[in-house]
Amino acid sequence: MKEEKEADKAVGLMGKETETDKASGFMEEEVGKNRFTGSEDGRAEGMKPEKEMDKSGEDMEWKLKEVKQPVHLYPDKWQQLCAIYPIVHPFGDARGYLSIEPRDFVILQERCQAMVQNSFLLHGFYQYRHLLLGRQRGERGMNYYLGVPGVLYEKERAAALFYGFEGFESARVPAQEGSFGYYMKRVQI
């Protein structure tokens, strides 16, 4: 009998705001999409149950299988990345850069992925919440650059050089002390 009351209490709380929830500002919505998973039934998007639970609630095991969605594959890796990541124009010209985060470093070649631990890069990312990935045609083909946002100051420039960043680029040409821009480093994708 005690177990049934606890189960009823637990079921009664589902979709309701508890005292703890009120204090934290959290409330799971009763109707509509789950704000964490983006789906109406609380499962991760792109996933569906292999079998539904029976009406008695006895079968609590969920087996998820991925729902296949068509993916367009491009022959060029840069084109594929442009289809996935937002393109920004931070310098006010025609050059497009991808807005990325440290978690996206899997797109870089393995030796460049270690930069995810670069403290200068992480400082810039946590301060401005984005990084840039861009490309420019060079003498030997395409060159790819990673940009860390920051302000041009002598101390910050010295730190950037120490951590392997080659230069600074901003919308203002030439960049002046106090200009916002990006410390750039060549990478390989």
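This is a short chat about the strands, aromatic rings and cysteines of a predicted model.

Q: Hi! Where does this model come from, experiment or prediction?
A: Hello! This is a predicted model.

Q: Thanks. What order do the strands of the sheet come in?
A: The order is β3-β4-β5-β6-β8-β7, with six strands forming an open sheet. Their pairing is antiparallel.

Q: Which strands stand at the edges?
A: Those are β3, residues 87-88, and β7, residues 167-170. Each has a single partner strand, so one side of each is left without a neighbour in the sheet.

Q: How do strands in a sheet pair up, by the way?
A: In general, strands of a sheet pair through backbone hydrogen bonds, and the pairing can be parallel or antiparallel.

Q: Okay, so how many bridges join β3 to β4?
A: Two bridges join them, and the strands run antiparallel. Strand β4 covers residues 97-100. Looking at a single residue, I87 has L98 in β4 as its bridge partner.

Q: Moving along, how many bridges join β5 to β6?
A: Seven bridges do, and again the two strands run antiparallel. They form a hairpin, with two residues between them. Here G138 stands opposite G141 in β6.

Q: And how many bridges join β6 to β8?
A: Eight bridges join that antiparallel pair. One residue to look for is L146, whose bridge partner in β8 is K185.

Q: Is β6 mostly covered or mostly open?
A: Mostly covered: nine of the 11 residues in β6 are buried.

Q: Which helix lies across β6?
A: That's α5, residues 119-128. Helix α5 lies across β5 (131-138), β6 (141-151) and β8 (180-187), and runs at about 65° to β6.

Q: New topic: how many aromatic pairs are there?
A: The count comes to 11 aromatic pairs. Take F91 and Y97: their ring centres are 5.4 Å apart and their planes are at 80°, so this pair is edge-to-face.

Q: Are those two rings' residues buried or exposed?
A: F91 counts as buried because its relative accessibility is 7%. Y97 also counts as buried, at 3%.

Q: What kind of pair do F125 and Y126 form?
A: F125 and Y126 form an edge-to-face pair, 5.1 Å centre to centre with 70° between the planes. F125 is buried, with a relative accessible area of 5%, whereas Y126 is exposed, at 54%.

Q: Which residues form the aromatic cluster?
A: F120, F162, Y163, F165, F168 and Y183 form one cluster. Over the face of F165 lies K185, at 5.9 Å from the ring centre. You met K185 earlier as the bridge partner of L146.

Q: Where does R172 lie?
A: R172 is in the loop between β7 and β8. At 47% relative accessibility, R172 counts as partly exposed. Its C-alpha atom is separated by 8.0 Å from that of F91, and the two residues are 81 apart along the chain.

Q: Last one: how many disulfides does the structure hold?
A: Zero. For background, a disulfide is a covalent bond between the sulfur atoms of two cysteines.

Q: What about C82 and C112, are they buried or exposed?
A: C82 counts as partly exposed, at 25% relative accessibility. C112 is buried, with a relative accessible area of 4%.

Key. Residues are numbered from 1 along each chain as its sequence is written. This is a predicted model: local features need pLDDT of at least 70, side-chain atom pairs count only at pLDDT 80 or more; totals for chains, interfaces and linings use all residues. Side-chain values use heavy atoms; hydrogens and water are left out. A disulfide is a pair of cysteine sulfur atoms within 2.5 Å. Buried means under 20% relative accessible area, exposed over 50%, partly exposed in between (1.4 Å probe, protein chains only). Two strands pair if DSSP finds at least two bridges between them. Helices (H or I, at least four residues) and strands (E, at least two) are DSSP runs, numbered from the N terminus. Contact means heavy atoms within 4.5 Å. Axes are lines fitted to C-alpha atoms, for helices over the stretch in contact, and angles run from 0 to 180 degrees between N-to-C directions. Rings of Phe, Tyr and Trp (its six-membered ring) pair if their centres lie within 6.5 Å; planes under 30 degrees apart count as stacked, over 60 as edge-to-face and the rest as tilted. A charge sits over a ring if NZ of Lys or CZ of Arg is within 6 Å of the ring centre and within 35 degrees of the ring normal.
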